[in-house]
Each structure stands twice: as C-alpha cells, then as structure tokens.
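Q: Hey, got a minute to walk through this model with me? I'd like to start with one loop and work outwards.

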Amino acid sequence: MLSATTKAALLALLVCVCLAVGRAPATVIIYTYDSTVDDPRGPFSFGESGSFSLPQYNDPVWDLETVTVTVTGVAVSGYNVFDSESDVPGWAEVSLGVDITVTSDTPSAPVVTLVIPRETKRQDVAADEAGEAGTEVLFLGHTVNADFAGADSVKVETDGAADAETVMLAKAAGDDLSDWVGTGQITWHFASSLHATHSSNVPLGQVESEPPQFNFTAVVRYENLEPEPASLLLLAGALAPVLVRRRRRRAARA
Ligand SMILES: [Ca+2]
Ligand SMILES: [Ca+2]
C-alpha cells in the first residue's frame, strides 16, 4: 500500500506532466470492483432465510473510498384473488409480495436493506356471477362458490414483480470502512416474510392465494479513486524522455 504522501505526489506529478505536454489534466475516475451473489438455491419461499459470503476489498495500492450494496428481489410466482359473493357491486383491493431483509456481519457498519417485490390492484367488482364453477363452501348458512375469475373478481399476480434497494457508505462522509478491507470474506444474511392483504366494500367474498417464491441478487461495489489507464500511459510516455536524458547524462559523466 502506498503512503498517502506518495499517492498525493504521484497524482500531483501526473497533473504536472499533463500540463507540461500541453494537455488538460487527466481525469481521475472512479474504479469499481463488483462482487455479486445470485443465490443458486433459489427460488425461495417466504419465511426462508440464509447466508452468503462476498470478498472484502483487496487492492494493494489504492484506498477504499465507498462501499455500495444493492439488493434486488424478483418474485417468480404467486397470485392473490378476491371473488365477490355479494348481490351488490362494489370495489375490492388485493396485494401480494414478500419482504426481504439483507444484513451484513460487518461490525463497524452493518448494512440493512429491505426489498419488497409487491403488486397491488384495486378495481370495481360486479355483483356475484350466477352459476360459477368451483368448490361450494358453506358460509353463514348459505352455500356459495367462486371461480376466482370474471367481472366479480380482482386478481394480482406477482411473477416478475421486482424491487431494488441501495445503501452506500463513504469515507468522505465519515463512515469507517476498515472492516471492509482485507483478504477475507464478509458474511451476509437474508430473511423474508409474506405480505398479503384483501379489502372490499362488499359484504361477502372468497379469497384464494398462492404465496410468491422469489430470487434475489446482491451486488457489493467497492470504489476507489485511481488514475485511468490512459492517464498512466500518458504519464509513462512523458516520463520516458526524462529517464532517457538522465541515462544520457550518466553516460556522458562516465
Ligand atoms: Ca363470485
Ligand atoms: Ca367469479
């Protein structure tokens, strides 16, 4: 690892050399290192939890400046449907999803992200349709049945529902990033819970649902400030004549 003084000197030299050769100062860009886990054990069901590991930042030269964690959850199945059994029309709303919480064991800066792939639908429903197919249910002394389809129903399907959340830690903001640096691994944990609701202004209805299964992806991005390769080449090219001149002077003195 270069000292801060050495790094500052290198960057200053880079700018000076660029000015000397008549070019604008080279852009100092952010270099990124990504680690991704796309858990092959999925799809998961709600209530499931688990752990995964991603490597620490391990650059021998440049200091870690920021850590960004992005978690994306995608539901791959699931539905939730309300079917009116009332004699009057009205409205109904159904929603369905899964809450995914991701935390790290990093002691100085635990990261928590909450991802909610969720669908909600609210719409008018007609009065109960006559002659619906489906299993008959005894309810308050009446025999009712529902086909969970048609104008007297509202249905949401969560296949493809996605959400992503990002958390960033930055040295410039005073965050301690020391626990993120090293040659080891950082362990992450995830947990999940079901979200399912029904509401309506009609007095009677039936519901049927299948909880969603989901996959998730976690990306940990480490960023540092490092001269872009083109600038380093420019620096090398500018330094070469200097080195040649020094060698010639040495040769002349010899
Ligand atoms: Ca019905
Ligand atoms: Ca129906």
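Q: Where is glycine 131?
A: Glycine 131 sits in the loop between S8 and S9. Strands here are DSSP runs of E with at least two residues, helices are runs of H or I with at least four, and both are numbered from the N terminus.

Q: Is glycine 131 buried or exposed?
A: Exposed, with 6 other C-beta atoms within 10 Å. The cut-offs: 20 or more other C-beta atoms within 10 Å of a residue's own is buried, 12 or fewer is exposed, and in between is partly exposed, with C-beta atoms placed from the backbone.

Q: How far is glycine 131 from asparagine 145 in space?
A: They are 8.6 Å apart, C-alpha to C-alpha, with their positions 14 residues apart in sequence.

Q: Before we go on, what kind of model is this?
A: A predicted one: local features need pLDDT of at least 70 and side-chain atom pairs count only at pLDDT 80 or more, while totals for chains, interfaces and linings use all residues. Residues are numbered from 1 along each chain as its sequence is written, and chains are lettered from A and ligands numbered from 1 in the order in which they are written.

Q: And what is the mean pLDDT of the protein?
A: The mean is 78, and 72% of the residues reach 70 or more. pLDDT is the predictor's confidence in each residue, from 0 to 100.

Q: Where is confidence lowest, and where is it highest?
A: Lowest in helix H1 (residues 4-20), at a mean of 39, and highest in S11, at 97. Over residues 4-28 the pLDDT is below 50, although this stretch has 23 contacts in the model beyond near neighbours in sequence. A contact means two C-beta atoms, placed from the backbone, within 7 Å. Where pLDDT is low, the predicted coordinates should not be read in detail.

Q: OK, overall picture. How many helices and strands are there?
A: Two helices and 15 strands. Buried residues make up 25% of the 254 in the protein. Among contacts between residues at least 6 apart in sequence, 85% join residues at least 24 apart.

Q: Back to that loop. Which residues does alanine 127 touch?
A: Alanine 127 is also in the loop between strand S8 (118-125) and strand S9 (137-139). Leaving out residues up to four places away in sequence, alanine 127 touches Ser84, Ser86, Asp87, Val88, Pro89 and Asp152. It counts as partly exposed, with 15 other C-beta atoms within 10 Å. Its C-alpha is 9.4 Å from that of serine 153, which is 26 residues away in sequence.

Q: Now S11. What order do the strands take in its sheet?
A: The order is S11-S5-S14, in an open sheet of three strands with antiparallel pairing. Two strands pair if DSSP finds at least two bridges between them. Strand S11 (153-157) and strand S14 (205-210) are at the edges with a single partner strand each, so one side of each has no neighbour in the sheet.

Q: How many bridges join S5 to S11?
A: Five, with S5 covering residues 79-84. For instance, asparagine 80 has valine 156 as its bridge partner in S11, and tyrosine 79 has glutamate 157. Six bridges join S5 to S14, including the one from phenylalanine 82 to valine 207.

Q: Why is S5 described as largely enclosed?
A: Because five of its six residues are buried.

Q: Switching to the nonpolar core. Which residues touch the most other members?
A: Ile100, Phe214, Phe216 and Ala218, out of 25 residues in the largest nonpolar core. Strands S4 (66-75), S6 (90-104), S13 (185-200) and S15 (213-227) each give two or more residues to this core. A nonpolar core is a set of buried Ala, Val, Leu, Ile, Met, Phe, Trp, Tyr and Cys residues joined through C-beta atoms within 7 Å. Apart from that one lies another core, of nine residues, among them Val81, Val94, Leu96 and Val125.

Q: What about valine 69, buried or exposed?
A: Buried, with 20 C-beta neighbours inside 10 Å. Valine 69 is in strand S4, and its contacts include Val111, Thr166 and Ala218.

Q: Last one: what is the phi of phenylalanine 148?
A: Positive, about 55°, although it is not a glycine. Most residues other than glycine have a negative phi. Phenylalanine 148 is in the loop between strand S10 (142-144) and S11.
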